[in-house]
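Me: I would like to go through this chain step by step, from its overall layout down to a single side chain. Please keep the terms explicit as we proceed.

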Amino acid sequence: MGRHRKPPTVTVRRGSVIALTGLVPAGVVAVSAASASDVETAEHAALAAPQQLSEGASAEVAPRAAVVADELLHAAKHPGPPIVKTVAQSGDRVAADLPAGPLGMPGIAHAAYLNAERVLAQENPDCHMPWSVLAGIGRIESHHANGKADAKGNPIDPIYGPVLDGSLAGNQMVRATDGELDGGMRGFTRAVGPMQFLPETYRKFAADGDGDGISDPQNLFDAALTAGKYLCSGGLDMNDLSQQSKAIMRYNNSMAYVANVMAWEVAYRTGVAPQASQLPRI
C-alpha cells in the first residue's frame, strides 16, 4: 500500500463508474480528481481466479465465526504497541474448518472482518467501520487469503503481490526499504499479505487483531484491523458514502476499484452476488 499506482489519464465524471455496477447509488463518490490524486493508493493484487459464488446465498453470520470474533475481541487488548514482523509458519498447517460466511467467504476471513469491526467500534466509534467494507477489499486484494488460511488466520502460503519495478502497466516503481515484511526484496518492493499493504504503510498503521502482541501483515486478523485503522484515519466516517469512497481510494486511486469494493460490500451485506458484467474492469 502506498503511492505506487499511476494516476489515471482519463477523467471520469464523479460517481459515474459507481453507477455502472447498478448495485451502489450513483453520486456517492464526492472525491474530486484533485483530492483523489492526494490520497495514498495500494496495489490491486489479482492473485487468484475468481471464486464461483451462488446468488442469493445467505448473508447470515456464521455462528462459529462470530464466536471466534468474540474471543479475539477480548484478546486484542495486548498492552503497548505490537511488534511488527512476519512470523514463520510450519508447513504442515491445514485450512481452518469454520463454516463458510456470506456468499461462500471462508469462515476464518469472516471472523477476521467481524473482529476488526468490533475492535474499531470500541477504539474509533466515530468511524462506523462495517465488516463488509473490509470484506470487499479482502475479496479484491486476495480473494480472502486465496480461501486458504489456518485456524489462526495465517495463509497456508504467504501472500505477496507482484514486484513493483514498473514493468506492470499502471503501476509505479516503488523502491524496497523494509527488507523483512516483503520477504527480503532488494531494489523494488511488493505488497504483502491478504490485505496487500506496502511494508512502510503497514508499519505506520500496524494493529494487533488477535492480541498476541505481534502485528503480522500475513495474518488475517492483524491485516484486517490494520486496514480498518488505515481507512478510518483522518477522521473519516464510513456512514458517509463520500467519505467511505475517499477511504477506499487510498487503496487504489481508481473509480473502478471503488465501484468493485462497494459492490462487494453490498453483496456481502445483502447476500446477493454481483454479476461479472456489473463490475467495471480495474
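Me: What pattern does the protein chain follow, read along the sequence?

Reply: This is a predicted model, in which local features need pLDDT of at least 70 and side-chain atom pairs count only at pLDDT 80 or more, while totals for chains, interfaces and linings use all residues. Residues are numbered from 1 along each chain as its sequence is written, and side-chain values use heavy atoms, leaving out hydrogens and water. Helices (H or I, at least four residues) and strands (E, at least two) are DSSP runs, numbered from the N terminus. The chain has 9 helices and 2 strands, and their order is α-α-α-β-α-α-α-β-α-α-α.

Me: Which residues of α8 and α9 make the contact between these helices?

Reply: The axes of α8 (residues 241–248) and α9 (residues 255–270), lines fitted to C-alpha atoms over the stretch in contact, with angles from 0 to 180 degrees between N-to-C directions, come within 9 Å and cross at roughly 115 degrees. Taking contact as heavy atoms within 4.5 Å, the participants are Leu 241, Gln 244, Ser 245 and Ile 248 of α8, and Tyr 257, Val 258, Val 261 and Met 262 of α9.

Me: Is Glu 265 buried or exposed?

Reply: Glu 265 lies in helix α9 and touches Ser 132, Val 133 and Gly 136, not counting residues up to four places away in sequence. Buried means under 20% relative accessible area, exposed over 50%, and partly exposed in between, with a 1.4 Å probe and protein chains only. Because its relative accessibility is 8%, Glu 265 counts as buried.
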